[in-house]
Amino acid sequence: MKALEEKILKEGKILPGNVLKVGSFLNQQMDSDFIMEIGREIARLFAGEKITKVVTVESSGIALAVAAGIALHVPSVFAKKHKSANMSKEVYTASVYSYTHGETYEIAVAKEYLSSRDRVLIVDDFLANGNAVKGLMRITEEAGATLAGCAIAIEKGFQGAGDELRAKGIRIESLALIDSMTESGVTFRA
Ligand code: 5GP
(Lines give C-alpha, C1' and ligand atoms only; values in the text may rest on other atoms or scores of the structure.)
Protein backbone atom coordinates (compact mmCIF):
# COMPACT_ATOMS: atom_id res chain seq x y z
CA MET A 1 0.00 0.00 0.00
CA LYS A 2 1.88 2.97 -1.39
CA ALA A 3 0.22 5.51 0.92
CA LEU A 4 1.38 3.57 3.98
CA GLU A 5 4.94 3.34 2.69
CA GLU A 6 4.94 7.09 2.08
CA LYS A 7 3.58 7.78 5.56
CA ILE A 8 6.28 5.56 7.14
CA LEU A 9 9.00 7.41 5.20
CA LYS A 10 7.57 10.80 6.13
CA GLU A 11 6.50 10.31 9.73
CA GLY A 12 8.17 7.10 11.01
CA LYS A 13 11.07 7.27 13.42
CA ILE A 14 13.61 4.50 13.85
CA LEU A 15 14.43 3.82 17.48
CA PRO A 16 17.23 1.66 18.91
CA GLY A 17 16.49 -2.08 18.87
CA ASN A 18 14.90 -2.11 15.41
CA VAL A 19 11.73 -0.44 16.63
CA LEU A 20 9.82 1.75 14.20
CA LYS A 21 7.80 4.47 15.88
CA VAL A 22 4.60 5.38 14.07
CA GLY A 23 2.91 7.16 16.94
CA SER A 24 1.82 10.09 14.80
CA PHE A 25 -0.66 8.12 12.68
CA LEU A 26 -0.99 4.48 13.77
CA ASN A 27 -0.20 3.99 17.42
CA GLN A 28 -0.70 6.77 19.92
CA GLN A 29 -2.29 9.39 17.66
CA MET A 30 -4.44 7.82 14.98
CA ASP A 31 -5.07 9.36 11.59
CA SER A 32 -8.78 8.57 11.36
CA ASP A 33 -9.20 8.72 7.59
CA PHE A 34 -6.01 6.79 7.05
CA ILE A 35 -6.98 4.06 9.54
CA MET A 36 -10.28 3.65 7.66
CA GLU A 37 -8.38 3.49 4.35
CA ILE A 38 -6.26 0.66 5.79
CA GLY A 39 -9.46 -1.07 6.92
CA ARG A 40 -10.90 -0.86 3.40
CA GLU A 41 -7.68 -2.20 1.88
CA ILE A 42 -7.73 -5.17 4.27
CA ALA A 43 -11.40 -5.80 3.39
CA ARG A 44 -10.57 -5.66 -0.33
CA LEU A 45 -7.76 -8.21 0.09
CA PHE A 46 -9.97 -10.63 2.04
CA ALA A 47 -13.24 -10.08 0.17
CA GLY A 48 -14.73 -13.45 -0.75
CA GLU A 49 -13.08 -15.16 2.23
CA LYS A 50 -16.35 -15.18 4.17
CA ILE A 51 -14.72 -13.68 7.26
CA THR A 52 -17.02 -13.69 10.29
CA LYS A 53 -14.66 -12.17 12.91
CA VAL A 54 -11.64 -9.92 12.90
CA VAL A 55 -9.35 -10.81 15.80
CA THR A 56 -6.51 -8.75 17.26
CA VAL A 57 -4.68 -8.13 20.54
CA GLU A 58 -4.94 -5.01 22.64
CA SER A 59 -4.09 -2.25 22.40
CA SER A 60 -2.33 -1.21 19.24
CA GLY A 61 -4.20 -3.64 16.95
CA ILE A 62 -7.65 -2.47 17.97
CA ALA A 63 -8.05 0.56 15.71
CA LEU A 64 -7.06 -1.40 12.60
CA ALA A 65 -9.22 -4.39 13.57
CA VAL A 66 -12.24 -2.13 14.07
CA ALA A 67 -11.60 -0.40 10.73
CA ALA A 68 -11.32 -3.78 8.96
CA GLY A 69 -14.40 -5.06 10.79
CA ILE A 70 -16.41 -2.02 9.70
CA ALA A 71 -15.32 -2.47 6.08
CA LEU A 72 -16.11 -6.21 6.17
CA HIS A 73 -19.33 -5.67 8.16
CA VAL A 74 -18.32 -8.16 10.83
CA PRO A 75 -17.49 -7.80 14.54
CA SER A 76 -13.94 -7.35 15.73
CA VAL A 77 -12.70 -9.03 18.89
CA PHE A 78 -9.56 -8.19 20.80
CA ALA A 79 -7.59 -10.48 23.08
CA LYS A 80 -7.07 -8.91 26.49
CA LYS A 81 -3.63 -8.76 28.02
CA HIS A 82 -4.76 -8.16 31.57
CA LYS A 83 -7.33 -10.07 33.54
CA SER A 84 -10.25 -7.89 34.48
CA ALA A 85 -12.87 -8.56 37.14
CA ASN A 86 -15.77 -8.56 34.70
CA MET A 87 -14.12 -10.94 32.25
CA SER A 88 -15.70 -14.36 31.88
CA LYS A 89 -13.76 -17.25 33.40
CA GLU A 90 -14.48 -19.18 30.21
CA VAL A 91 -11.57 -17.99 28.12
CA TYR A 92 -9.18 -19.15 25.46
CA THR A 93 -5.63 -18.19 26.43
CA ALA A 94 -2.14 -18.16 24.97
CA SER A 95 1.14 -16.82 26.29
CA VAL A 96 2.96 -14.30 24.16
CA TYR A 97 6.47 -12.92 24.40
CA SER A 98 6.51 -9.20 23.69
CA TYR A 99 9.35 -7.98 21.58
CA THR A 100 8.86 -4.32 22.43
CA HIS A 101 8.41 -4.85 26.19
CA GLY A 102 10.78 -7.78 26.74
CA GLU A 103 8.27 -9.82 28.78
CA THR A 104 5.84 -12.70 28.47
CA TYR A 105 2.14 -12.11 29.08
CA GLU A 106 -1.09 -14.04 28.80
CA ILE A 107 -3.67 -13.05 26.22
CA ALA A 108 -7.29 -14.12 26.61
CA VAL A 109 -10.49 -14.10 24.56
CA ALA A 110 -13.84 -14.95 26.17
CA LYS A 111 -15.18 -18.17 24.69
CA GLU A 112 -18.54 -16.57 23.96
CA TYR A 113 -16.94 -14.37 21.27
CA LEU A 114 -15.21 -17.05 19.19
CA SER A 115 -16.47 -20.44 18.08
CA SER A 116 -15.96 -23.26 15.60
CA ARG A 117 -18.42 -21.52 13.25
CA ASP A 118 -16.08 -18.55 12.80
CA ARG A 119 -13.78 -17.76 9.90
CA VAL A 120 -11.13 -15.57 11.45
CA LEU A 121 -9.02 -12.78 10.04
CA ILE A 122 -6.17 -11.85 12.39
CA VAL A 123 -5.17 -8.18 12.19
CA ASP A 124 -2.26 -6.40 13.86
CA ASP A 125 -0.27 -3.21 13.46
CA PHE A 126 3.16 -4.90 13.29
CA LEU A 127 4.55 -8.32 12.48
CA ALA A 128 8.03 -8.62 13.90
CA ASN A 129 9.01 -11.97 15.46
CA GLY A 130 5.48 -13.27 15.04
CA ASN A 131 4.73 -13.95 18.69
CA ALA A 132 1.53 -11.88 18.86
CA VAL A 133 0.14 -13.40 15.65
CA LYS A 134 1.11 -16.92 16.73
CA GLY A 135 -0.66 -16.38 20.07
CA LEU A 136 -3.81 -15.29 18.22
CA MET A 137 -3.47 -18.31 15.92
CA ARG A 138 -3.34 -20.63 18.96
CA ILE A 139 -6.49 -19.00 20.34
CA THR A 140 -8.23 -19.40 16.96
CA GLU A 141 -7.23 -23.06 16.90
CA GLU A 142 -8.36 -23.59 20.50
CA ALA A 143 -11.77 -22.18 19.54
CA GLY A 144 -11.97 -24.63 16.63
CA ALA A 145 -12.39 -21.65 14.31
CA THR A 146 -10.94 -21.50 10.78
CA LEU A 147 -8.07 -19.12 10.10
CA ALA A 148 -8.56 -17.33 6.78
CA GLY A 149 -5.34 -15.35 7.10
CA CYS A 150 -3.56 -12.44 8.72
CA ALA A 151 -3.56 -8.79 7.68
CA ILE A 152 -0.71 -6.71 9.03
CA ALA A 153 -0.12 -2.99 8.54
CA ILE A 154 3.68 -3.10 8.83
CA GLU A 155 5.75 -6.26 8.54
CA LYS A 156 9.40 -6.08 9.52
CA GLY A 157 10.44 -8.69 6.97
CA PHE A 158 14.02 -8.84 8.22
CA GLN A 159 12.77 -10.47 11.45
CA GLY A 160 11.59 -13.46 9.42
CA ALA A 161 8.25 -14.42 10.98
CA GLY A 162 6.11 -13.44 7.97
CA ASP A 163 8.03 -15.64 5.55
CA GLU A 164 8.12 -18.48 8.08
CA LEU A 165 4.32 -18.39 8.35
CA ARG A 166 3.87 -18.07 4.55
CA ALA A 167 6.07 -21.15 4.11
CA LYS A 168 3.57 -23.01 6.29
CA GLY A 169 0.80 -22.04 3.87
CA ILE A 170 -0.74 -19.30 6.01
CA ARG A 171 -1.96 -16.29 4.09
CA ILE A 172 -0.12 -13.22 5.40
CA GLU A 173 -0.94 -9.88 3.75
CA SER A 174 1.25 -6.99 4.84
CA LEU A 175 0.38 -3.53 3.59
CA ALA A 176 3.98 -2.36 4.00
CA LEU A 177 6.81 -4.86 4.07
CA ILE A 178 10.11 -3.52 5.33
CA ASP A 179 13.18 -5.39 4.13
CA SER A 180 15.74 -3.32 5.98
CA MET A 181 15.72 -0.53 8.48
CA THR A 182 18.82 1.45 9.47
CA GLU A 183 19.49 4.96 10.71
CA SER A 184 19.95 6.03 7.11
CA GLY A 185 16.50 4.83 6.07
CA VAL A 186 13.88 2.22 5.40
CA THR A 187 13.79 -0.13 2.37
CA PHE A 188 10.57 -1.81 1.29
CA ARG A 189 10.29 -5.17 -0.44
CA ALA A 190 9.48 -4.61 -4.12
P1 5GP B 1 5.86 -9.75 17.30
O2 5GP B 1 5.05 -10.49 18.31
O3 5GP B 1 5.52 -10.08 15.88
O4 5GP B 1 7.34 -9.87 17.59
O5 5GP B 1 5.56 -8.22 17.53
C6 5GP B 1 4.29 -7.72 17.25
C7 5GP B 1 3.83 -6.75 18.29
O8 5GP B 1 4.89 -5.99 18.85
C9 5GP B 1 2.88 -5.79 17.64
O10 5GP B 1 1.61 -6.04 18.17
C11 5GP B 1 3.39 -4.41 17.98
O12 5GP B 1 2.53 -3.82 18.91
C13 5GP B 1 4.75 -4.61 18.61
N14 5GP B 1 5.87 -4.21 17.73
C15 5GP B 1 6.80 -5.03 17.19
N16 5GP B 1 7.70 -4.34 16.49
C17 5GP B 1 7.34 -3.05 16.57
C18 5GP B 1 7.90 -1.83 16.05
O19 5GP B 1 8.93 -1.77 15.36
N20 5GP B 1 7.21 -0.68 16.34
C21 5GP B 1 6.09 -0.67 17.11
N22 5GP B 1 5.50 0.51 17.31
N23 5GP B 1 5.54 -1.79 17.61
C24 5GP B 1 6.17 -2.97 17.36
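Here a biologist and a modeller chat through a predicted model with a bound ligand.

Biologist: Let's start with the ligand; how many residues surround it?
Modeller: Counting a residue as near when one of its heavy atoms lies within 4 Å, you get a shell whose closest members are L20, A128, N129, G130 and K156. The full count of residues around the ligand is 17.

Biologist: What is the split of that shell into nonpolar, polar and charged residues?
Modeller: Gly goes with the polar group in this scheme. On that basis, the residues around the ligand divide into 7 nonpolar, 7 polar and 3 charged.

Biologist: Which residue has a backbone N or O atom 3.0 Å from an oxygen atom of the ligand?
Modeller: Polar contacts here are pairs of N or O atoms within 3.5 Å. A polar backbone atom of A128 is 2.8 Å from a ligand oxygen, and for A132 the backbone distance to a ligand oxygen is 2.8 Å. The residue at 3.0 Å is N131.

Biologist: And how much of the ligand's accessible area does the protein cover?
Modeller: On its own, the ligand has 510 Å² of accessible area. It sits in the largest pocket. The share covered by the protein is 89%.

Biologist: Which element gives the largest share of the shell around the ligand?
Modeller: Three elements each give two or more residues: β2 (19-21), β7 (119-127) and α4 (131-142). The largest share is 4 residues, and that comes from β7.

Biologist: Moving on to the strands, in which sense do β8 and β9 pair, parallel or antiparallel?
Modeller: β8 covers residues 146-156 and β9 covers residues 172-182. There are 6 bridges between them, and C150 has I172 in β9 as its bridge partner. The sense of the pairing is parallel.

Biologist: What joins β9 to β10?
Modeller: β10 takes in residues 185-188 and pairs with β9 in the antiparallel sense over 4 bridges. One of the bridges has T182 partnered with G185 in β10. The link runs through 2 residues, and it's a hairpin.

Biologist: Any backbone oddities? Where does S59, joined to E58 by a cis peptide bond, lie?
Modeller: Omega for the E58 to S59 bond is about -5°. As for its place in the fold, S59 lies in the loop between β3 (53-57) and α3 (62-72).

Biologist: Last one: which residue in the loop between β1 and β2 has phi near 60°?
Modeller: That phi is a positive value in a residue other than glycine. The loop in question sits between β1 (13-15) and β2, and the residue is N18.

Methods. Residues are numbered from 1 along each chain as its sequence is written. This is a predicted model: local features need pLDDT of at least 70, side-chain atom pairs count only at pLDDT 80 or more; totals for chains, interfaces and linings use all residues. Side-chain values use heavy atoms; hydrogens and water are left out. A polar contact is a pair of N or O atoms within 3.5 Å; within protein, one must be able to donate a hydrogen and the other to accept it, and residues adjacent in sequence count only if both atoms are side-chain atoms. Accessible areas come from the Shrake-Rupley method with a 1.4 Å probe; for residues, only the protein chains shown count as cover. On a 1 Å grid over the protein atoms alone, a cavity is a set of points where a 1.4 Å probe fits but cannot get out, and a pocket is an open set with protein on both sides within 12 Å along at least five of seven lines; lining residues have an atom within 4 Å of a point. A molecule sits in a cavity or pocket if more than half of its atoms lie within 2 Å of its grid points. Two strands pair if DSSP finds at least two bridges between them.
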